[in-house]
Amino acid sequence: MSSLLPEFLLILTAFFILIIDLFDAFNSESSLSPEFYALSGIGFSIISLFALWGYAPTTYFGGQFVVEEIDIFFKGAILVAGFFTVTLLPAIFNLKNLVKNHYPEFIVTLLFTLSGMLFLASSRDLVTLYVSLEMATLPLFALTAWEKSKFSAEGAIKYLILGAVGSSFLIFGFGILYAFTGSLSFESIRVALAQPHQDTLNLVLLAVAFIIPGLGFKLTLFPFHTWAPDAYQASPTPVTAFLSTASKVTGLVLATHLLLRIFSFQLKDLQPVMVVLSVATMTLGNFVAMKQENIKRFMAYSSISQAGYLLLGFLTLSPEGIASVLFYSYIYIFTNMAAFAVITLHIEQTQKQNILSLKGLSKTSPGYAAVLMLALFSLAGIPPLSGFVGKFFLFSIAAKQGYHIVVAIAAINSTVSLYYYLKIIKQMYINSPDEDTPSLKAPLVTKAGLILATMGTVFIGLIAPFYDQILWASEQWFKLWIK
Amino acid sequence: MGILSLIVFIPFLTAIFILFAKSPKTIKSIALAGTGLHLLASFVLTYLFFNSPQNINPDPTGLSLQFVEKWDWFSSFGVSYFLGVDGISLAMILLTSVIIFTGVLASWNVENRSKEFFALLLLLVTGVFGVFVSFDLFLFFIFYEVAVLPMYLLIGIWGTGPKEYSAMKLTLMLMLGSAFLMVAFLGLFHLSGLNTFDMTKLAQVNFDLQTQRWIFPTLFVGFGILGALYPFHTWSPDGHASAPTAVSMLHAGVLMKLGGYGALRIAVYLLPEGAKEWALFFMALTTINILYGSLGAIKQKDLKYFTAYSSVSHCGMVLFGVATLNFIGFKGAVLQMVSHGLMTGLFFSLIGMVYGRTHTRIINEMGGLAKVMPWLATSFYIAGFASLGLPSLSGFVAESQIFMGGFMGNPWHDLTWMRVLTVLSTMSIVVTAVYVLRGLAQVFMGPITNLHFNELTDASLTEKVTTALLIASLFFVGLYPKFFVDMIEPAINPIINRLNM
Amino acid sequence: MIIYLLFFLVAFFSLLAVSSKSLYHSAIYLMGSLSVTAGLYLILEAEFLAGIQVLVYVGGILVLLVFALMLTQSDILVNDQPTFTKKIMAFGVSTSVFALGVWLLSSLHLHSIILPTASSPAPSIKQLGHAFLSVQKNGYILAFEIISVLLLTVLISAIVIAKKEKA
Amino acid sequence: MNSHLLEWLIMSLFIFCVGIYGLLTRKSGVGLLISLELMINAGALNFISIHRFLYPAQVDAQVFVLFVIAIAAAEVLLALALFMLLIKKQQPVDITQLNHLKH
Amino acid sequence: MVLLPTWMILAIPLLSFIINGLFVRRFSGHLAAKIGTIAIGFNFLFSLALAYYFFQSGELSTLEWHTEWLRFQSNLIIHIGVMIDPLSAMMLVVVNTISFFVHIYSLGYMHDDEGVGRFFSYLSLFTFSMLGLVVAPNLFQMYVFWELVGVSSFLLIGFYYTKPSAVSAAKKAFIVTRFADLGFLIGILLLGYLGLSVNQGQISSVYSPLDFLFLNNPDVGLQLASSGLLTTGLLLIFIGAAGKSALFPLHIWLPDAMEGPTPVSALIHAATMVVAGVYLVARLFPLFNLAPVALEVVSWVGLFTSLFAAVIACTQDDIKRVLAFSTLSQIGYMIFALGVASDLYPLGYTASLFHLFTHAFFKALLFLGAGSIIHAVHTNDVWQMGGLKKYMPITHITFLVAVLSISGIFPFSGFFSKDEILTAALESGHMTHYLVGLFVALLTSFYMGRIYFLTFWGQSRSHENASHHPHESTWVMTLPLVLLAILALSSGWLPFANYLWFAHKHDHHSLNMTVAFSGTLAAIIGLSSAWFLYSKNNFSKVQKIQTGMGQAYQIIKAKFYFDELYLFVTHKIVFNKIAGPIAWFDKKVVDGGVDLTGEMSQTFGQKLTLIQTGQVQNYIIWFIVGFITVLTLYYNTVL
């Protein structure tokens, strides 16, 4: 049962916070503020997660809950994203009247979403997959509308409706999948799909056609990304950070399940679809981000373009593919979190979301400006920051398959992305601030999170053992069922 | 921690120290000390290179590298931290350490935010050193982009004129160049069959003609964009005009050489068949580059544009040398890199000094300055004569090699075509003479046009040291080329043997 | 025979639910359509499911929808008429999806599979109960736990959002 | 005479497409929810009909559908909460006017 | 054989340039002047000794010293060295003597000029590069010092850099010679290539196919000639020679080069630099000999230049311009002498070098004399002088000696060298060359007589107030004049033929009487007509002739408008029609293209933002469109 510990610990902390909130104990001076409990909860679950490293793979509930090495890394990524999101919270929730803006409830919902995502990572059959996927998405609709501002409801509703449409497509797809084998477990479906005889080929086609939109919604791929900009803009900045990192990784987990664990034999035929989707997402994300004024909307498009790059990793059925996707998602989380930390502070303390309001940040608060610059350069894929290393490995997967033109398009896209990242750096470093802008002040927890994220942005790409471990984990996983 | 890692990371460490320094005075002295130490280190390296036992690579087409440092980095990906130095890299290291030392001296009066300025400048130069010593394509690419990126901030913050526009254009075009390179490197990595980025191993692979036919132009154009190849050179005039002195010195002097170096070291060495297919086309392109650059410089009004166009033409000569695909041509290309680096370094530092005094770079607004600042005038003239290829100065040695190489032709291309192109590019020595003398005569000779020029001062001590050092090295290369020729020739043999194989 | 009648009924009700002018009528038509589907479930020998369908769907969700109608009171509730172009657009999109699906499905020779007779074994409620709570191979205890936590979070967050702020 | 699986699949697909049609034409939020319920219901029906025709003995299909119904309920709950928020902010529950966040 | 190593002859002027240029001239210009003069003096003696010993030893050519300078490839290694052979020994003597006298003369002439230190360092630089050129063992080293000579002439012409006319003259000189050097460089490349392809067959002390020992080697020459490209190569090299020696098409820079101080004109534009072209052709004569077409071209260009320059010289007013054109014409003489020579009639070769030898002395004398006149009268214009006979006796006598010598009157050196050239032309059957040569000799004596009479005879026409009479220059300036006059007298008698000869050393020294007679006659006619027209003060007869010639006179006076033509070609055509459009093209089209891609991507981005209309229904339509595209895409990949 120990491999369930990470999820169990999260849910335990959530209930613990609920009970404390029940007795309205947070307002008394003596008690610690809720994010400490959350942070310790997530910390312990990370520790317990990596404690499992030795025994993997373990299976529970009759094959429905499996923890392989690759899942440990996926869960680790999600937990790290959650950890950083929680460090951002004190910056926006003023601790005086917790009850007024429901800070404890926010954390509880966040923790439950995290546990949902962890369940998704280990699920091995359609029911658990669907339920934990909904567990990972439904609370986000509420989190997006948490600020109760004029636009937050609008963003949340758009997110909900498209989410619901996505999940109904998914249900229909799963229904068709069920037709191939009696059982709902991935393994049996994968085997059934291995050699679909001629007449059921159309059924596979229909199943794939219904399932890809569900995946596309979660991973913000091109035609299914339309919710992302509005949801990112509407939600409070930590939630935008959470959406762009944790929810993106959950999308990757869903992609691993669907593309590698179910449709692994169809992957060869799916390559053209994937190439078109990833190129379209990349190009749209980059070219539209050029014209954005609002910071959060800009980050939305930047994360859409990153999704385009990440999809390249799924072009092959090889350990390097999934390893580089995982490696890049870790780098992406650290980089994004570093960027969002500074953006949260800026938006919270200047109440302005326009890129131009970043004017002269390097003069008012040089430290934070430097962090944001590093993060943006890493997103643009500039060496020696780790963003470049991650991107290089991803492009190498596409190059291995011979898609040199796709690598060329991706490289040109990252040059275009450099243009709009430089536009922000220009605001910070070249333009001078208006006189009275105060320098940004950050609560201790957020500052600690920020420093940790920046360290990650700079060093993850350079330390080779980290990538080797991930590669080893994905090789183990491939050995398991490629036999 | 071999000497090469030291060479690469001394500027980086100085940059770190600078970040902790407080007053501008200490910042400048640390920067100077760092680059001075680095100059010393490169001289020591040269001494060791010539005197220590040479490990000669038995295979004629293999590189014989000295002071090799090789550690596995991403072993699963075949990426290793692989440093080495041979004749060509050593020549470039010497050039760069001289240019950065004089660059720091030339930017002695940068006051606003001098801490970031020097830190970024040294970061840029770390990238450049890294490129010259790394023999692993991945590491090469990392240092290549590190060298390009600080340009944006350096030009954007400390530049003059339309600085944001030209900074953005420069960075984006150079990044597009490196995008080309990334595609080519990945292509090389995957089509070579062996899972490594190590250049020496990739050199043993004979890629099939089809792949070489598309990878070589991508590589050559990718490097050409930085080496001011004809249609992609437009970033260089704007970029240099708005960049501050030290940055344009470093950029035109050294960064544009990365293009030539990469084209020779990677494009031609790894893909000989591709080189044979495309060299004549690129030779024609670079001929346009040479003539176009020099003719363009005649009508320029601004001193910096004037020098920028002349460096477009000279960098064109570097690529022309590479495109001749013969022994003398290659040697000429490397010599031209060294000589043009020193020349443009001197030119831009002098322009900085003159601009510091007259606060104008428009040629017609100045006149008769020789009477007021004889030292600067003479050094300007020496730089001018070096650029038009006067013997006893480095320009002539390099240009004669390139033109001889172009004239001698190579066994794979039609000789008359090469000879026509060589004659066309030799004409540039006349056009260069025209615009150099016209420009300098207008600025320095004749009666003083603007009265308040009279109380301008001549070169200060730091400026004297800068110009003296650069002029001395120009004369050294010009008068005693044997030093560089003996250094470069053994390094070119593998490339030629590979072509002849 | 009864099957085709029910098919027609479901199609008729859902079409009306979707296109009727006033939302109240469409809510009622939805109720009709859901209960007819419950009937279909009965035919497919899934009694428990039909029961749940009627109880949760018609009883629970529909009631919620009607509450929503009452609460929002917006004038458009009375006549929610889409513009003509939007109708054509929506019609085009949905028929194209339907046509694609039908074309793909019909090319399979699924029609040879006929409705099993009443006697063929259907999973009993006891089996269903076991499936929910058993820990072995085909048990879904895990999903059961997750769904409970899910409903809790949704409840909490919905309350927080809908709560009237104290002054 | 007895019905064939194809008819059932086409039937559920039809309801699904009617749901899509409803989604695209309804102006009010609640209208959307109605069409959403239809689409999810169509999914469930499709699932059960395949279960009955092909694998009558397995129980998984019904378990899955039960969960789907529960989650549909949760979705409607959330949608209702968001509509309340809209009303509190004096905005009409008309999604065609909810277009402040764009481009 | 000489006690000091021969490379000293190069090292001394270089050393004096470095010492003066960098250090001494800052403290005292005069000290620098003294150092420079002493150094050149030592060099003068050393070269005399060298020549003496060399001619004693009787060897053909000795490679005294060489070190490897620039390695192109294993069989193409360029050495810097000193090679002494009759030709270079003679040149050494000429260059050093003239340079030594000019140094002494400049002590006086530049005494009160504040840039005197700079002047003397430039002079030493010039001498160093000229000597380097002369002793070069290979063509490449010659090209190197050829350029250095070009740059020192640029510096010296532009010495008065505050004067815009001097600056533009210097610039013009450098660019025109640079253009010629382009031809020279391409010629070198071609010869280098040909040399490489010919099998070298180890000739002693030959390191690259550009060495003279290799090129002038008869059997190598034959192989080169057989390759067919030899003529073009030699013609290219001749273009270089034409540029430096200001032959016809590239002569425009020499008259303007008079802007420099007069000692400069004396040294560079009379004796040394301008004859470098002749020296080059002479040095490569064995090769030229094998390319008769090239020799033809050489002879005709030389002839035309001498005629062309002589005609213009008659019309010029500025004394230095007249001398410049006379130099042009004399060099034309030397070149066409070489042109007519061949291994059958080798006399032309010796005649041309003999004329070079003698011409150096009397032309330097003329220039220095003109210099002392200008120094006294402070103007160049011949019409403002007159009657200086009384005030400047020494300058007058020495100037008269030079005039007589250049016109070819008997006892003076000019007679012998010009006579030999004309006999060479006559004997080798080039009748037209002989006749034109005679006519040019007449013209030469006419214009020399003209300026002589205008300056020294008649009344003083200077505008300065009558009280201030021009006075004779100091002894420092007049001593070189006297010495040069003696040399101008004596150099004719030197038995030149048995030192410098080509093919076979013929020792008969008979004067061809017809040529001697006709040459002297032409000289006398020229002088007397000049005396008739210009000696008295009334120039009515001159006016009559000028109006008689009408428009033609103006054209000749304006040097056939060649300057304007070149100006037009460079400024109008090259600068405005080519460089201008290129600069515009680069800015608008190439740069425009880059900005265009920037705009295009911006508008593309703008279009894409429109997908996000904010309407949920549009989002759902996109969603379903996505579904359909995935379906169709997957469909046609699978089936």
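**Exercise 1. Where does C:K137 lie in chain C? Place this residue and describe its surroundings.**

A quick note before we start: this is a predicted model, where local features need pLDDT of at least 70, side-chain atom pairs count only at pLDDT 80 or more, and totals for chains, interfaces and linings use all residues. Residues are numbered from 1 along each chain as its sequence is written, while chains are lettered from A and ligands numbered from 1 in the order in which they are written.

*Step 1.* Find the helices (DSSP runs of H or I, at least four residues, numbered from the N terminus). C:K137 sits in the loop between α5 and α6 of chain C.

*Step 2.* Decide on burial. A residue is buried if 20 or more other C-beta atoms lie within 10 Å of its own, exposed if 12 or fewer, and partly exposed in between, with C-beta atoms placed from the backbone. C:K137 is exposed because it has 11 C-beta neighbours inside 10 Å.

*Step 3.* Look for contacts (C-beta atoms, placed from the backbone, within 7 Å). Leaving out residues up to four places away in sequence, C:K137 touches A:G62 and A:G63.

**Exercise 2. Describe the side of chain C that touches chain D.**

*Step 1.* Count the residues: chain C brings 74 and chain D brings 62.

*Step 2.* See which elements of chain C give two or more residues: α1 (2–19), α2 (23–43), α3 (47–72), α4 (84–107), α5 (125–133) and α6 (141–162). The largest share, 13 residues, comes from α4(C).

*Step 3.* Sort by class. Ala, Val, Leu, Ile, Met, Phe, Trp, Tyr, Cys and Pro count as nonpolar, Asp, Glu, Lys and Arg as charged, and the others, Gly among them, as polar. On this side of chain C there are 56 nonpolar, 14 polar and four charged residues.

**Exercise 3. What is the phi of B:A228, and what is the phi of B:L325?**

*Step 1.* Most residues other than glycine have a negative phi, and most peptide bonds are trans.

*Step 2.* Take B:A228: its phi is positive, near 55°. B:A228 belongs to the loop between α9 (209–226) and α10 (235–242) of chain B, and it counts as buried because 29 other C-beta atoms are within 10 Å.

*Step 3.* Now B:L325: here phi is also a positive value, near 55°. The loop between α13 (303–323) and α14 (327–358) of chain B holds B:L325, which is buried, with 25 other C-beta atoms within 10 Å.

Definitions and conventions. Two residues are in contact if their C-beta atoms, placed from the backbone, lie within 7 Å.
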